[in-house]
Amino acid sequence: MLDQLADGEEHFVIPGPRPDMRLFLRFLPSTTPWSVDRRAVLYVHGATFPSALSVAHRFDGRSWRDALCDAGFDVWALDFYGFGHSDRYAEMDAPADANPPLCVAEDAAAQLAAAVPFILEHQGLASLSLIAHSWGSMAAGRFASERPALVDRLVLFAPIARRDPSRYSPRPDGPAWRVVSVEDQWARFVEDVPPDEAPVLSPVHFKEWAGRYLDTDPQSRSRDPAGVQIPSGPFIEILRAWHGELAYEPAGVRAPTAIIRGAWDGLVCDADARWLFDALCHSPIKRDIKIARGAHVMHLEAMRPALWAESITFLLGDDIAAVPR
């Protein structure tokens, strides 16, 4: 069953790279009058929850998507295979250790390659912008490198970067899928917040979000503890990036690119951002934006309005302040 539609939201189910599996897209048009310079943006979600729980989720009646629409963007969002309303991998019905990790960046980039042409034809555009969160930056970066003419701007929010591996550490691997509980998600909201600081998400807001999160998997509440089954490829690829194997080559990106991250983000430290900024050596415009009091899931945290504002400023092309570091 689909989540409740936002005002004016449209849903599309399209063929994906696997002939027997379909992809789910949600679309919300801009609230501004139609113009010849209409812009479209596609949101690419991260490792553990789909588009409805990220760019489209409303806290106190407003979402990141609403802010983008008010700024003149038609906003699209994709659920990758195994997440949200897109089809599940058949391998998710088998024991987790029976298959390799599902939904790695190569597969996810192929899903983007199916979705983007559909969006562009629908919009009558030649290119669009991408906003990608966390592991989603690998899929988006890979796609942007492979199809540079289709991407006009790229926002990498809390992107995972390459780190050198520890000596003698084995290459990370894992099962095809895993289950992420509500408790696991709550830990993500509190683990990087300094102990003497106020919470970045209220328990009331999290309870609402967590209920909708469990709704994305019909079997979630039959587990103990309740949790959502998702592909494990994104999690494994984050670990591999920290083992020296980033799933895309940032030098292949040709679009203007902004790195936006929180000052408290334990998955994207200053050294990570510095490495990625330098590795984006063929991006003609680059920004590294660090927001105070933000952690890894800042789009759901108290500092989300700052994230929204910075992303919109960059996507609109205000590059006066975008000088190289």
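Helices here are DSSP runs of H or I, at least four residues long, numbered from the N terminus. With that in hand, here are some notes on this predicted model.

1. A good place to start is helix α8, which spans residues 304-315 and so has 12 residues under that DSSP rule. From first C-alpha to last, α8 reaches 16 Å, close to the 16 Å expected at 1.5 Å a residue. Just after α8 comes Gly317, whose phi is positive, near 90°.

2. Which residues of α8 are buried? They are Arg304, Leu307, Trp308, Ser311, Ile312, Phe314 and Leu315. These residues lie on the same side of α8, because they cover an arc of only 165° around its axis.

3. One of those buried residues, Phe314, also has a charged partner: Arg153 lies over the face of the Phe314 ring, at 4.9 Å from the ring centre.

4. Now to the aromatic rings, where the count comes to 15 pairs. Take Phe27 and Trp76: their ring centres are 4.3 Å apart and their planes stand at 25°, so the pair is stacked, the cut-off being under 30 degrees. This pair links distant parts of the chain, with Phe27 in strand β2 (residues 22-28) and Trp76 in strand β4 (residues 73-79), 49 residues apart. Both Phe27 and Trp76 are buried.

5. Do look at the aromatic cluster as well. Ring pairs join Phe49, Trp186, Phe189, Phe206, Trp209 and Tyr213 into it.

6. The second largest pocket has a volume of about 340 Å³. Its lining is made up of 24 residues, and the closest to the pocket centre are Thr48, Arg178, Arg188, Phe235 and Leu267. At least two lining residues come from each of β7 (177-181), α4 (182-190) and α6 (233-241).

7. Two of the residues closest to that pocket's centre, Arg178 and Phe235, are also worth viewing as a pair. Arg178 lies over the face of Phe235, at 4.4 Å from the ring centre.

8. Finally, a loop residue: is Leu150, found between α3 (136-146) and β6 (151-157), buried or exposed? Leu150 is buried, because its relative accessible area is 14% and the cut-off is under 20%. Leu150 and Ala255 are 105 residues apart in sequence, while their C-alpha atoms are 9.5 Å apart in space.

Technical notes: Residues numbered from 1 in each chain as written. Predicted model: local features only at pLDDT ≥ 70, side-chain atom pairs only at ≥ 80, totals over all residues. Heavy atoms only, no water. Expected span 1.5 Å × (residues − 1). Buried < 20%, exposed > 50% of the residue type's maximum accessible area, 1.4 Å probe, protein only. Arc of directions from axis to C-beta. Phe/Tyr/Trp six-rings, centres within 6.5 Å; stacked < 30°, edge-to-face > 60°. Lys NZ or Arg CZ within 6 Å of the ring centre and 35° of its normal. 1 Å grid on protein atoms, 1.4 Å probe; cavity = no way out; pocket = protein on both sides within 12 Å on 5 of 7 lines; lining within 4 Å. Points joined across faces, edges and corners; volume = space filled by probe spheres on them.
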